[in-house]
Every structure is written in C-alpha cells, then in structure tokens.
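Colleague: I should like to learn how to read the packing of a protein model. May we go through the features in turn?

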Amino acid sequence: MPTAKKAATVEELRSRLKRAHHLILTDPTGLTVEEITKLRGELRKDGTTYAIVKNTLFSIAADDELRKLVHSYLAGATGVIFTGADPVAPAKALKRFEDIKTVGIKAAVIDGKLLDAAQVAVLAELPSRDELRAKVVGILASPLRGIVGVLAANPSGLVRILSAREKQLAETTSTHAGDS
C-alpha cells in the first residue's frame, strides 16, 4: 500500500510531466547539494525545473508511451529536467554548468522522440529560439533597410540634380548678361 507521501509525489510528478514540453534525464551521482542548487539556479533562468526522482515513482507517474521510451534509463540515481517550449536552453545550461561540474546525461525526450547523450550535446550547440528569432528578424530587416535607403536616395538625388541645374541656369544667365 503506497504511503500518502508517495502518492503525493506521484501526483506532483504527473503534474510536472503534463506541464513539461520536453525532458532531459541526468545522472546526478557525484553532485553535492550545493552543486545541485547551483544547477537548479542555472536552469531556472530559462524557466526550467530540475528534480531528483525515485525511478519507480517516476515510472508510475509517466504515461505508457513515456515509460516505454525511458524505461531503460531509469536505473541508478536519476535527475529530471522538466523543460518549457525550448529544449535547447536547458541543454545549453547543462553545458555552461560543466565549468562547475559535469552532469551525466542519460537521455532526453524531445517532441516525443528519445535522444541519447550525444544528441543532447549536439542540441546544446544549436542556437536558442531567441537567437534564431533575432537572426530571422535581421534577415527580414536587411532588404527593408535597402529599400528605405533607395527610396531616401532618389529624392535627395533629385534635389541635387535640380540644384545643379539651377546653378547651371544661373551661370548661363550671368554669362549672357555679361555679353550685353
């Protein structure tokens, strides 16, 4: 018979799994409480949470599909990163955290697909959503800047041509006036 505390933990995990868009399973072995706290702080910057879970309780909380995907990775100590919409940000946070201590990555579930540790490392090298958005805006803005420059150049060119013609006419008029 499960205890009330275990039942509450399972419900909390179910809730977190429903809110999470993606998961990264880690091996927290060797991390101190202080290091785990720092890791949580690093992950929290991107709206991501981290929890050390009991494998059996996590397995109970997971739906059938998720349980089948991660079953072989639920051995030993397991930490779970519950991510938002951007799976790159927590992978980058783990990479930044390597300066303090390396966290073993077991696997990740991104868009319902299982990724191994090497694929998560590649994910950390990708630009984040915000970086990609900035690049797209820059790419879209570049031709617009060019169009604005061309449109701004035409009136100023016309003004220069009219000014030069005015000077030419003034010189012609003063030259003809000097002949008489």
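Modeller: We begin with a term: helices and strands here are DSSP runs, of at least four residues for a helix and at least two for a strand, numbered from the N terminus. In that numbering, Ala108 belongs to strand β4. Please keep in mind that this is a predicted model.

Colleague: Is Ala108 buried or exposed?

Modeller: Ala108 is buried, because its relative accessible area is 1% and buried means under 20%. Leaving aside neighbours within four places in sequence, Ala108 is in contact with Leu23, Ile24, Lys113, Leu114, Leu115 and Val120. The C-alpha atoms of Ala108 and Ala51 are separated by 15 Å, with their positions 57 residues apart along the chain.

Colleague: How should one read a nonpolar core, and how many residues has the largest one?

Modeller: In soluble globular proteins, nonpolar side chains tend to be buried together. In this model, the largest nonpolar core has 19 residues. Those with the most contacts inside this core are Leu39, Leu43, Tyr50, Ile81, Leu94, Val103 and Ala108. Two or more residues each come from α2, α5, β4 (104–110) and α6 (117–125). Helix α5 supplies the largest share, five residues. Apart from this core lies another, of 18 residues, including Ala20, Leu57, Ala61 and Phe82.

Colleague: Which residues does Leu94 contact, leaving aside its neighbours within four places in sequence?

Modeller: Leu94 is in contact with Ile24, Thr26, Leu39, Ile81, Val103 and Ile105.

Colleague: How many residues of α5 are buried?

Modeller: Eight of the 10 residues of α5 are buried, and the helix is mostly covered. The buried residues are Val88, Ala89, Pro90, Ala91, Lys92, Ala93, Leu94 and Phe97.

Colleague: How does one describe two helices that pack together?

Modeller: Two packed helices are described by the angle between their axes and the distance between the axes. Consider helix α2 (residues 33–44) and helix α5 (residues 88–97): their axes come within 9 Å and cross at roughly 140°. The pair is therefore oblique. The crossing of α2 past α5 is right-handed.

Colleague: Which residues of α2 and α5 meet?

Modeller: From α2, Glu35, Lys38, Leu39, Glu42 and Leu43 meet Pro90, Ala93, Leu94, Arg96 and Phe97 of α5. By class, this contact has six nonpolar, no polar and four charged residues. As a general guide to such a list, an α-helix has 3.6 residues a turn, so residues three or four places apart point the same way.

Colleague: Does Glu42 count as buried or exposed?

Modeller: Glu42, which is in helix α2, counts as buried because its relative accessibility is 15%. Its contacts, leaving aside neighbours within four places in sequence, are Ala93 and Arg96.

Colleague: At what angle do the axes of α5 and α6 cross?

Modeller: The axes of α5 and α6 cross at roughly 100° and come within 8 Å. These two helices are therefore roughly perpendicular to each other. Here Val88, Ala91, Lys92 and Lys95 in α5 meet Val120, Leu123, Ala124 and Glu125 in α6. The contact comprises five nonpolar, no polar and three charged residues.

Colleague: How far apart in space are Ala121 and Ala91?

Modeller: From C-alpha to C-alpha, Ala121 and Ala91 are 7.1 Å apart, although 30 residues apart in sequence. Ala121 lies in helix α6 and counts as partly exposed, at 42% relative accessibility.

Colleague: Which separation do Ile161 and Asn55 have?

Modeller: Their C-alpha atoms are separated by 79 Å, and the two residues are 106 residues apart along the chain. Ile161 is in helix α7 (residues 129–179) and is exposed, with a relative accessible area of 57%.

Colleague: What should one look for in the backbone angles?

Modeller: Most residues other than glycine have a negative phi, and most peptide bonds are trans. Asp111 has a positive phi of about 50° although it is not a glycine.

Colleague: Where does Asp111 lie?

Modeller: Asp111 lies in the loop between β4 and β5 (113–116). With a relative accessible area of 58%, Asp111 is exposed.

Note on methods: Residues are numbered from 1 along each chain as its sequence is written. This is a predicted model: local features need pLDDT of at least 70, side-chain atom pairs count only at pLDDT 80 or more; totals for chains, interfaces and linings use all residues. Side-chain values use heavy atoms; hydrogens and water are left out. Axes are lines fitted to C-alpha atoms, for helices over the stretch in contact, and angles run from 0 to 180 degrees between N-to-C directions. Angles under 35 degrees count as roughly parallel, over 145 as roughly antiparallel, 65 to 115 as roughly perpendicular and the rest as oblique. A crossing is left-handed if the near helix is turned anticlockwise from the far one by less than a right angle, and right-handed if clockwise. Contact means heavy atoms within 4.5 Å. Ala, Val, Leu, Ile, Met, Phe, Trp, Tyr, Cys and Pro count as nonpolar, Asp, Glu, Lys and Arg as charged, and the others, Gly among them, as polar. A nonpolar core is a set of buried Ala, Val, Leu, Ile, Met, Phe, Trp, Tyr and Cys residues joined through side-chain atoms within 4.5 Å. Buried means under 20% relative accessible area, exposed over 50%, partly exposed in between (1.4 Å probe, protein chains only).
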